[in-house]
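Trainee: I would like to go through this structure with you, contacts and empty spaces included. Could we begin with the terms that the contacts rest on?

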Amino acid sequence: MAAFRILSFLMGFIPLWFGVNGLLFGAAEHMGGDAFAAAMDNQYRYLSGVYIGVGLMLFYSAGDIRKRAMLFRFAMLFFFIGGCARLVSYLTVGAPPTEQFAAMFVEILSPLLLLWQARVLRR
């Protein structure tokens, strides 16, 4: 159970990292100096805030794996949906930067953690 708790907590840093960077630096961080619409930056920063929320959900759920199991499941659902969205972007627009590609890989595989969680909860 301790290993699962630690991994759950560490996974929270992934959305927290991307969320805080997006919130602080906005879409300009990825635009390479190109112009972009205020609406795009606004949406990007909003989604960065949501990503911070998912990270906080993971931190909180790691505190009590049994009582907060459903919250962890929702966080993994959000991770997976986000990973699928990244995959659509990858397939239609092209390859993202390395750190985003790595995040997509983790997000798409995140449902595997639900199997581990079920095993931990059965004990």
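Mentor: Certainly. A charge sits over a ring if NZ of Lys or CZ of Arg is within 6 Å of the ring centre and within 35 degrees of the ring normal. Please keep in mind that this is a predicted model.

Trainee: Understood. Which residue lies over the face of tyrosine 60?

Mentor: That is arginine 68, at 3.7 Å from the ring centre of tyrosine 60. In another such contact, arginine 86 lies over the face of phenylalanine 18, with 5.5 Å to the ring centre.

Trainee: Arginine 86, then. With which residue does arginine 86 form a salt bridge?

Mentor: Its partner is glutamate 107, and the closest N and O atoms are 2.8 Å apart. This pair links distant parts of the chain, as glutamate 107 belongs to helix α6 and arginine 86 to helix α5, 21 residues apart.

Trainee: Is glutamate 107 buried or exposed?

Mentor: Glutamate 107 is buried, because its relative accessible area is 2% and buried means under 20%. Arginine 86, at 22%, is partly exposed.

Trainee: How many salt bridges does the count come to?

Mentor: The count comes to two salt bridges. In the pair that we have not yet discussed, arginine 45 meets aspartate 41, with 2.7 Å between the closest N and O atoms. As a general point, side chains of opposite charge can pair when their charged atoms come close.

Trainee: How are arginine 45 and aspartate 41 placed along helix α4?

Mentor: They are four residues apart in helix α4, so about one helical turn separates them. Aspartate 41 counts as buried at 15% relative accessibility, whereas arginine 45 counts as partly exposed at 28%.

Trainee: Let me change topic to the rings. How many aromatic pairs are there?

Mentor: The count comes to eight aromatic pairs. One of them joins phenylalanine 4 and tryptophan 116, an edge-to-face pair with 5.2 Å from centre to centre and 80° between the planes. Phenylalanine 4 is in helix α1 (residues 2–11) and tryptophan 116 in helix α7 (residues 111–122), so this pair links distant parts of the chain, 112 residues apart.

Trainee: And the exposure of these two rings?

Mentor: Phenylalanine 4 is buried, with a relative accessible area of 2%. Tryptophan 116 counts as partly exposed at 31%.

Trainee: What geometry does the pair of phenylalanine 74 and phenylalanine 78 have?

Mentor: That pair is tilted, with 6.3 Å from centre to centre and 35° between the planes. The two residues are four apart in helix α5 (residues 69–92), so they are separated by about one helical turn. Phenylalanine 74 is partly exposed at 41% relative accessible area, and phenylalanine 78 is partly exposed at 38%.

Trainee: Which residues form an aromatic cluster with Phe4?

Mentor: Phe72 and Trp116 form one aromatic cluster with Phe4. Phe4 and Phe72 also appear in the lining of the largest cavity, together with Ser8, Ser61, Asp64, Ile65, Arg68, Ala69 and Gln117.

Trainee: What volume does that largest cavity have?

Mentor: The largest cavity holds about 30 Å³ of space, and a search of the whole structure finds one cavity of 30 Å³ or more. Helices α1 and α5 each supply at least two residues of its lining. By class, that lining has four nonpolar, three polar and two charged residues.

Trainee: And pockets? What is the volume of the largest pocket?

Mentor: The volume of the largest pocket is about 830 Å³. It is lined by 29 residues, and those closest to its centre are Tyr44, Leu47, Tyr51, Arg86 and Gln100. Arg86 is thus the residue that we met in the salt bridge with glutamate 107.

Trainee: Which helix gives the largest share of the pocket lining?

Mentor: Helix α5 does, with eight residues. Helices α2 (13–25), α3 (28–31), α4 (38–63), α5 and α6 (98–109) each supply at least two residues of the lining of the largest pocket. The lining divides into 16 nonpolar, nine polar and four charged residues.

Trainee: One last item: how far apart in space are alanine 38 and isoleucine 108?

Mentor: They are 30 Å apart, C-alpha to C-alpha, and 70 residues apart in sequence. Alanine 38 lies in helix α4 and is exposed, with a relative accessible area of 63%.

How values were computed
Residues numbered from 1 in each chain as written. Heavy atoms only, no water. Phe/Tyr/Trp six-rings, centres within 6.5 Å; stacked < 30°, edge-to-face > 60°. Buried < 20%, exposed > 50% of the residue type's maximum accessible area, 1.4 Å probe, protein only. 1 Å grid on protein atoms, 1.4 Å probe; cavity = no way out; pocket = protein on both sides within 12 Å on 5 of 7 lines; lining within 4 Å. Points joined across faces, edges and corners; volume = space filled by probe spheres on them. Nonpolar A, V, L, I, M, F, W, Y, C, P; charged D, E, K, R; others polar. Salt bridge = Lys/Arg side-chain N within 4 Å of Asp/Glu carboxyl O.
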